[in-house]
Amino acid sequence: MANLKTSIKSIRQIEKRTLHNRNLRTKLKTLYKQFNGAKDDQEKAAEIGKKLVSAVDKAAKIGLIHKNKADRTKAACHKYISPAT
C-alpha cells in the first residue's frame with residue numbers, strides 16, 4: 001500500500017479512469033458486434049454504423065484506441081454503409 005498522499009490519490013485516480021475506460025471499451029465492443037450482426041440489413045447497418053463511427057472517433061480522440069485502428073474501423077464500416085460503385 002502506498003504511504004504518500006500523492007500516491008494514494010494517484011491510485012484513486014487510476015481506479016476511476018480504469019472503470020471509465022472499461023465501460024467505453026465495452027460500449028465499443030457491443031457496437032462492433034451489433035454492426036457485424038446487421039450487415040445483412042442495409043438500413044440497420046447504416047444506423048448502427050453512424051453510432052459506431054462516432055464512438056470510435058471519440059475513443060481515438062481521448063486515446064482509448066489508436067488513431068490508425070479508428071481509421072481502419074471507419075473504413076471497414078463505410079465499405080458496408082456506402083452504396084457500392
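1. In this predicted model, T73 is a residue of helix 3, which spans residues 67-81. T73 has a relative accessible area of 15% and is therefore buried, the cut-off being under 20%. Setting aside neighbours within four places in sequence, the contacts of T73 are Y32, L52 and V56.

2. V56, one of the contacts of T73, merits a separate comment. Not counting residues up to four places away in sequence, V56 touches L28, Y32, I65, A70, T73 and K74. V56 also belongs to the group of residues with the most contacts inside the largest nonpolar core, together with L28, F35, L52, I65 and C77.

3. That core comprises 17 residues. At least two of its residues come from each of helix 1 (5-37), helix 2 (42-61) and helix 3. Helix 2 provides the largest share, 8 residues. In soluble globular proteins, nonpolar side chains tend to be buried together.

4. The next point concerns the pairing of helix 1 with helix 2. Their axes come within 9 Å and cross at roughly 155 degrees. An angle over 145 degrees counts as roughly antiparallel, so this description applies to helix 1 and helix 2. The crossing of the two is left-handed. On the helix 1 side, the contact involves L28, L31, Y32, Q34 and F35, and these meet A45, I48, G49, K51, L52, A55, V56 and A59 of helix 2. Classified by residue type, this contact of helix 1 with helix 2 contains 10 nonpolar, 2 polar and 1 charged residues.

5. The pairing of helix 2 with helix 3 can be described in the same terms. These helices pack at an angle of about 170 degrees, and their axes are 9 Å apart. Helix 2 and helix 3 are therefore roughly antiparallel to each other as well. Their crossing is left-handed. Helix 2 contributes Q42, A45, A46, G49, K50, L52, V53, V56, D57 and A60 to the contact, while helix 3 contributes K67, A70, T73, K74, C77, H78, Y80 and I81. By class, the contact of helix 2 with helix 3 has 10 nonpolar, 4 polar and 4 charged residues.

6. Finally, the position of T73 may be placed in this context. T73 is among the helix 3 residues that make the contact with helix 2, and L52 and V56, both contacts of T73, are among the helix 2 residues on the other side. L52 and V56 also appear among the helix 2 residues that meet helix 1. Y32, the remaining contact of T73, is one of the helix 1 residues meeting helix 2.

Methods:
Residues numbered from 1 in each chain as written. Predicted model: local features only at pLDDT ≥ 70, side-chain atom pairs only at ≥ 80, totals over all residues. Heavy atoms only, no water. Helix = DSSP H or I, 4+ residues; strand = E, 2+ residues; numbered from the N terminus. Buried < 20%, exposed > 50% of the residue type's maximum accessible area, 1.4 Å probe, protein only. Contact = heavy atoms within 4.5 Å. Core = buried A, V, L, I, M, F, W, Y, C linked by side-chain atoms within 4.5 Å. Axes fitted to C-alpha atoms, helices over the stretch in contact; angles between N-to-C directions. Parallel < 35°, antiparallel > 145°, perpendicular 65-115°, else oblique. Left-handed = near helix turned anticlockwise from the far one by under 90°. Nonpolar A, V, L, I, M, F, W, Y, C, P; charged D, E, K, R; others polar.
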